[in-house]
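Welcome to a short set of exercises with worked solutions. Have your viewer open, and try each task before reading on.

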Amino acid sequence: MSDPQCPKKQGLQREVLKWLQSLELSLYPKNVRRDFSNGYLVAEIFSCYYPGDFPVHSYDKGSSLCVKRRNWSQIEKSLQKQSLHLMKEVIDGTIHCKPGAAELLVQHIYTILTQRSILNVQSPEPDFTDREYQDLLPTLARPTASQAIKNNLRTTEIMADPDITTNQRKAEVILHMHLQHKSAERALNPGRFKVKPNLGHLEARNSVPPSRGDVRSDSRSSRDITSKPCSSSTWTGAVVSFKEIKVCQPVTRSLVNY
């Protein structure tokens, strides 16, 4: 079975919600991010189409990281038997309850099992951060750098991969995105942050492109200036004063008497 193109991250479409209701699952997902994180509902959805490869009784409903990883490991093995594939980034984002990951996962499963495409969606690179939510907040309510790292780097991610270098790299990426967002805010609202424009900004602001009439008049005036010599009448407006300075030089006397 071919792998359809993964749809764009957004809220669940109406057709996807109707499809979930038609499956008559043991638990209807009220909180998509939380209910799909352990993989139990995912296994139950696939068991409706492949009951022999996804036995529901072999999956646990727990919420610990160990249970989540064990369930998803079984799901990935069963998907390989059917030549199906789910993006690793989407699975990890769903396990760690990243914003938008579970919605993208459900829509991807919908396109795989029903062979139907969702309208008006594309397939960008997965970006499971809270940037869209932060853009909706007022400026004063947006997080600081430490809060941004806390919001986008989950505790379960550190537990799943305790390597210090890897987690430090993730924190640096989050911090870089936060600083870019702040610099964009400063550019949009320079008065609030009391940002003083530099010489380049002032020059760009004051420079006005001359019109055609101005260009012609400037060219004519430059020709007149070059053709006519400078007369003394042109400098009558400038007043230049000169002052004579008397310098008394010391008398040099010879120290040797001839």
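The exercises below go from the whole chain to helix packing, and then to single residues.

**Before you start**

This is a predicted model, in which local features need pLDDT of at least 70, side-chain atom pairs count only at pLDDT 80 or more, and totals for chains, interfaces and linings use all residues. Residues are numbered from 1 along each chain as its sequence is written, and side-chain values use heavy atoms, with hydrogens and water left out.

**Exercise 1. Describe the protein chain as a whole.**

Step 1: list the elements. Helices (H or I, at least four residues) and strands (E, at least two) are taken as DSSP runs, numbered from the N terminus. On that basis the protein chain has twelve helices and zero strands.

Step 2: look at burial. Buried means under 20% relative accessible area, exposed over 50%, and partly exposed in between (1.4 Å probe, protein chains only). Of the 258 residues in the protein chain, 30% count as buried.

Step 3: look at the surface. Accessible areas come from the Shrake-Rupley method with a 1.4 Å probe, and for residues only the protein chains shown count as cover. The protein chain has about 18600 Å² of accessible surface, and 54% of that belongs to carbon and sulfur atoms.

Step 4: look at the contacts. A contact means heavy atoms within 4.5 Å. Take the contacts in the protein chain between residues at least 6 apart in sequence: 65% of them join residues at least 24 apart.

**Exercise 2. Work out how H3 and H6 pack, and which residues meet.**

Step 1: choose the descriptors. Two packed helices are described by the angle between their axes and the distance between the axes. Axes here are lines fitted to C-alpha atoms, for helices over the stretch in contact, and angles run from 0 to 180 degrees between N-to-C directions.

Step 2: read off the values. Helix H3 (residues 40-49) packs with helix H6 (residues 101-114) at an angle of about 5°, and their axes are 11 Å apart. H3 is therefore roughly parallel to H6, a label for angles under 35 degrees, while over 145 is roughly antiparallel, 65 to 115 roughly perpendicular and the rest oblique.

Step 3: name the partners. From H3 come Val-42, Ile-45, Phe-46 and Tyr-49, which meet Leu-105, Ile-109, Leu-113 and Thr-114 of H6.

Step 4: sort them by class. The contact of H3 with H6 has seven nonpolar residues, one polar and no charged. In this scheme Ala, Val, Leu, Ile, Met, Phe, Trp, Tyr, Cys and Pro are nonpolar, Asp, Glu, Lys and Arg are charged, and the others, Gly among them, are polar.

Step 5: zoom in on one partner. Leu-113, in H6, counts as buried at 12% relative accessibility. Leu-113 and Phe-46 are 67 residues apart in sequence, yet 8.1 Å apart in space, C-alpha to C-alpha. Not counting residues up to four places away in sequence, Leu-113 touches Trp-19, Ile-45, Phe-46, Tyr-49 and Tyr-50.

**Exercise 3. Find the two faces of H1.**

Step 1: mark the buried residues. In helix H1 (residues 14-22) these are Val-16, Trp-19 and Leu-20. They lie on the same side of H1 because they cover an arc of only 100° around the axis, the arc being that of the directions from the helix axis to the C-beta atoms.

Step 2: turn to the face away from that buried side. There H1 carries the exposed residues Arg-14, Lys-18, Gln-21 and Ser-22.

Step 3: look for the cover. H3 and H6 are among what covers the buried residues of H1.

**Exercise 4. Locate the positive phi values and place each residue.**

Step 1: recall the background. Most residues other than glycine have a negative phi.

Step 2: check Glu-24. This residue follows H1, and its phi is positive, near 55°.

Step 3: check Ser-83. Its phi is near 60°, and Ser-83 sits in the loop between helix H4 (65-81) and helix H5 (88-95). Ser-83 is exposed, at 56% relative accessibility.

Step 4: check Cys-97. Its phi is positive too, near 55°, and Cys-97 belongs to the loop between H5 and H6. With a relative accessible area of 21%, Cys-97 is partly exposed.

**Exercise 5. Is His-96 buried or exposed, and which residues does it touch?**

Step 1: place His-96 in the loop between H5 and H6.

Step 2: classify it. At 10% relative accessibility, His-96 is buried.

Step 3: list the contacts. Leaving out residues up to four places away in sequence, His-96 touches Leu-65, Arg-154, Thr-156, Glu-157 and Ala-160.
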